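Dear colleague,

I am handing over the structure we spoke about, and below it I set out what was found in it. Please read the notes with the coordinates open beside you.

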Amino acid sequence: MAQLMEYLEKAVRDGASDLFFVAGGPAFAKVEGQLVPLAGEKLLPAESSRLIDEIYSMAKRSRDVFLVEGDDDFSFDVPGLSRFRVNAYRQRGSMAAVIRIVSFDIPDWQEYNIPEEVMRLAELRSGMILFSGTAGSGKTTTQACLVDRINRTRSCHIVTLEDPIEFLHRNRLSIVSQREVAVDTKDFISGLRACLRQAPDVIQLGEMRDMQTIQTAMTAAETGHLVLATLHTGGAIHSVNRVIDVFPANQQEQIRMQLSTVLRTVVSQQLLPDTKGGLVPAFEVMHLNDAIRTNIREKKEHQMAMALASGAAEGMITMDMSILKLYQEGHIDRETALKYAENREQMLRRMGK
C-alpha cells in the first residue's frame, strides 16, 4: 500500500479537498478548487483497480456492494493523518474512486465564515432545519459545526444518520450516536424509524432522498425533536418547493400545511472563488415567520421571495446580501460578485458603481 499512502499523505500535506483515481490520466488532487496532478504517469486500468483494492483493504470493507451496484460510499481513518470519505465507482469498464479528505477535528465555524445567524440555530429545541446546496457546497461542514455547538452547550442525545460518516463527534455535554448507512443500519428510512425509539433530542440526517424519509423526518419534527436535514438543491425557496414536489399532487396540500408548521429555517449555501485562490461560502438564511408560513400554504412563492428580501430585521439573509458582504469585506472580487449575483443590476447599484 506504499503508493496509496504516498498519495494520501501528499494530498493531506498539500491541503487538498479531494483525491481522484481515474484510469487514463494521472492521480489528481483538488487544491483550492484546482485539479493538480500528483504524478506524471497515467493510471492504467490495472493500476486504478489495484488502488481501489488497497482502499477497500485499508477500510476493512467488503467489495460486495461495489461489485453488485457499480458504486459504493464509505469512509476510513488513517491514524495520525486524516479521515477519508470514498466514492468508488466504475467508468468505461474500469475502477475509479474519488476520496474526500476530512479532518479529524470539527472545523472552526468562524474560519469557515459561517454566519452567527446560522450558528444560533443550535438554540432551537424542535422543528426542522433544512440545509441546501449543490454537492460539495459545504452543507455537511455547516451541519457538523452546528451539531458541535449543540454538543458543547446542551445536555441532550444527538443521533446522526450519515452515508458515510464524515466528521467524528466526541461526547461533550451531549451524547452523540453516529450511525452509518449500510454499516450500522440498512438505509436512511430504517435508521430514522429506529432512531425515534432511541430517545433522541436532535436528529441529523444526510440527504433526504425520497418521500418516505421526508415524511418520517417531518413527523419527527412535529413530535418535539429538532431535525437537521440536507437537500441537493439551490436556494431556500427552491428547497421548500423540492420537498413538496416529492409528494403526489393529491397529497401536496396536506404537505404544505405540515411543512409550514414544522419548518423553522432553510439555510442555502454555495462556494465562491475568493481573492486568495481558495473558496469561501455564501449563505442564504430564511427563517419562517407568519408571512412565509402563509405563503407556503397558499402557494405564493413570489411573495415568499419578497418576505425573505425584507426580513433582515428578523435575521434573514438573501444570497445577494451575503455575496455583497463578501465583496465589501474583500473576500471576493467585483467580477465574482456579479457573476454569482441573482440580480446583477441590483448588485451593481449596491456596489455604487
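How many of the 353 residues of the protein count as buried? The share is 51%, and I should say at once that the model is predicted.

As to the overall fold, the protein has 14 helices and 13 strands. Its radius of gyration is 21 Å, close to the 20 Å that the globule rule gives for 353 residues, and the protein is therefore as compact as a globular protein of that length. Taken along the principal axes, the box that the C-alpha atoms fill is roughly 60 × 55 × 40 Å. Among contacts with a separation of 6 or more, 56% come from residues 24 or more positions apart.

Turning to the surface and the charges, the protein exposes about 16,400 Å², of which carbon and sulfur atoms supply 48%. There are 41 positive and 46 negative charges, and the mean positions of these two sets are 2 Å apart.

A search of the whole structure finds 4 aromatic pairs. In one of them, the ring centres of Tyr-56 and Phe-66 are 6.0 Å apart with the planes at 35 degrees, so the pair is tilted. Tyr-56 belongs to helix 2 (residues 45-59) and Phe-66 to helix 3 (residues 64-69), 10 residues apart. Tyr-56 counts as buried because its relative accessibility is 3%, below the 20% cut-off, and Phe-66, at 0%, counts as buried too. Ring pairs also bring in Phe-74, which forms a cluster with Tyr-56 and Phe-66.

With best regards

Terms used. Residues numbered from 1 in each chain as written. Predicted model: local features only at pLDDT ≥ 70, side-chain atom pairs only at ≥ 80, totals over all residues. Heavy atoms only, no water. Helix = DSSP H or I, 4+ residues; strand = E, 2+ residues; numbered from the N terminus. Rg over C-alpha atoms; globule rule 2.2 N^0.38 Å. Buried < 20%, exposed > 50% of the residue type's maximum accessible area, 1.4 Å probe, protein only. Contact = heavy atoms within 4.5 Å. Areas by Shrake-Rupley, 256 points an atom, 1.4 Å probe, with all protein chains shown as cover. Lys, Arg positive; Asp, Glu negative; His and termini not counted. Charge placed at Lys NZ, Arg CZ, Asp CG, Glu CD. Phe/Tyr/Trp six-rings, centres within 6.5 Å; stacked < 30°, edge-to-face > 60°.
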